Amino acid sequence: MEREAEVDLARRLMRGDANAFDHFVEHFRAKIFHYSWLMCGQREDAEDVAQDTLLKVFESFDQLSEPERVRPWVFRIARNACLMKRRKSVFAPAKELSLDDFIPAINHQGGHAKLQIADWSGLPDHQLMRSEMKHVLDQAISELPENYKPVLLMRDVEELSTLETAQILDLTEDVVKTRLHRARLAVRQKLDEYLQSGGRALSSHT
Amino acid sequence: MELHERTEKCKEVFSLLSEYLNMELPPDACQEMEAHIAGCPPCVEFAESLRKTVELCRQYRPSELLEPLGKNAREQLLEAYQKMLGGRKALALGSVKTD
């Protein structure tokens, strides 16, 4: 669902249009569940977080002064619910990722520089979500250190802006940019390793 | 020497690539970057792999499926919503009375 459709649902709920209720719940429940599942790693915790978040959302719906901000507003509540839940459970520790770890090696042969990475050119955009690739991506994202994972989820999966992400996570915009880049590089590297090892099958058909 | 310089510039491009893909770079930095990338196949190749990574993340939905919402859980949410609406109406009525 596009953000405009979400904003429309939020406006209708504010007007007291109960027909928007189930659409809103279904849509955001799935989003929050997926976010918290990746953050907590436990199905039960993720379901609890989704319910706790929606409860808080409806209790305080009249505090949403700008319906245009419904997505970041819901995610801010979800993020806090997730933090509360995770205090009680085990999660991947915070760790700093260094840019140097992701710089690919370059071979200089006959004056030509060649990167030591997989051939991504044969991978059309619409083929990216094949199941094997999705599994690799699942793993790559879930293995991100806990201070990088939410940034990538907010910016690239939920397509929130840098400013919105910074506000949700209590970070500066510069920190969001830095962490996003490193998280992307880490995920890119995992996908690259997969493509170099055996993912050729993904690009050789069609 | 030329190769060495190129590598230093490549590192700079490498560190700014996400901001470039997000169109968050200032115009002059962006132009400088494009000028370098235009003549550097390794940077083109790397930028393309990162662009596809981002595209993949945008399409990504975790494989874990969510169970349907239980009846009690839905009731709980609906109650919270109606209570919020009721509170707002009461507030509005209150303000009419005092005017």
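A nonpolar core is a set of buried Ala, Val, Leu, Ile, Met, Phe, Trp, Tyr and Cys residues joined through C-beta atoms within 7 Å. With that in mind, a good place to begin in this predicted model is the largest nonpolar core, which has 54 residues. Among its members, A:Val49, A:Val74, A:Ala78, A:Leu152 and A:Ala183 touch the most others. The element that gives the most to this core is α2(A), with 10 residues. One of the well-connected members, A:Ala183, can be followed in more detail: leaving aside residues up to four places away in sequence, A:Ala183 touches A:Leu144, A:Tyr148, A:Val151 and A:Leu152. A second, separate core has 8 residues, including B:Val13, B:Phe14, B:Leu17 and B:Cys43. As a general background, nonpolar side chains tend to be buried together in soluble globular proteins.

The confidence of the prediction comes next. The mean pLDDT of chain A is 87, and 87% of its residues reach 70 or more. Chain B averages 85, and 83% of its residues score at least 70. For the model as a whole, ipTM is 0.84 and pTM is 0.85. One stretch of chain A calls for caution: over residues 200–206, pLDDT stays under 50. For this stretch the model has 7 contacts beyond four places in sequence.

The two chains meet at an interface in which 48 residues of chain A are in contact with 39 residues of chain B. On the chain A side, the elements that give two or more residues are the helices α2 (19–40), α3 (43–59), α5 (131–142), α6 (149–157) and α8 (173–197), along with the strands β1 (106–109) and β2 (112–115). The residues on this side of chain A comprise 27 nonpolar, 7 polar and 14 charged.

Helix α5(A) is a helpful example to study by eye. The end C-alpha atoms of α5(A) are 16 Å apart, which agrees with the 16 Å that its 12 residues should span at 1.5 Å a residue. Which residues of α5(A) are buried? They are A:Val136, A:Leu137, A:Ala140 and A:Ile141. These residues cover an arc of only 130 degrees around the axis, so they sit on the same side of α5(A). On the other side of the helix, A:Ser131, A:Glu132, A:His135 and A:Gln139 are exposed. The cover over the buried residues of α5(A) includes α2, α6 and α8 of chain A, together with α3 (41–59) of chain B.

Chain B has 99 residues, of which 18% are buried. Its secondary structure consists of 4 helices and 0 strands, giving the pattern α-α-α-α along the sequence. The helix α3(B) has 19 residues and reaches 27 Å from its first C-alpha to its last, close to the 27 Å expected at 1.5 Å a residue. Buried in α3(B) are B:Pro42, B:Cys43, B:Phe46, B:Ser49, B:Leu50, B:Thr53, B:Leu56 and B:Cys57. Seen down the axis, the buried residues of α3(B) fall within an arc of 150 degrees, so they line one face of the helix.

Further along chain B, B:Ser63 lies in the loop between α3 and α4 (71–98). Is B:Ser63 buried or exposed? A residue counts as exposed if 12 or fewer other C-beta atoms lie within 10 Å of its own. B:Ser63 has 12 such neighbours within 10 Å and is therefore exposed. Across the interface, B:Ser63 touches A:Lys134 and A:Asp138.

How values were computed: Residues numbered from 1 in each chain as written. Chains lettered and ligands numbered in written order. Predicted model: local features only at pLDDT ≥ 70, side-chain atom pairs only at ≥ 80, totals over all residues. Nonpolar A, V, L, I, M, F, W, Y, C, P; charged D, E, K, R; others polar. pLDDT = per-residue confidence, 0-100. Buried ≥ 20, exposed ≤ 12 C-beta atoms within 10 Å, placed from the backbone. Expected span 1.5 Å × (residues − 1). Arc of directions from axis to C-beta.
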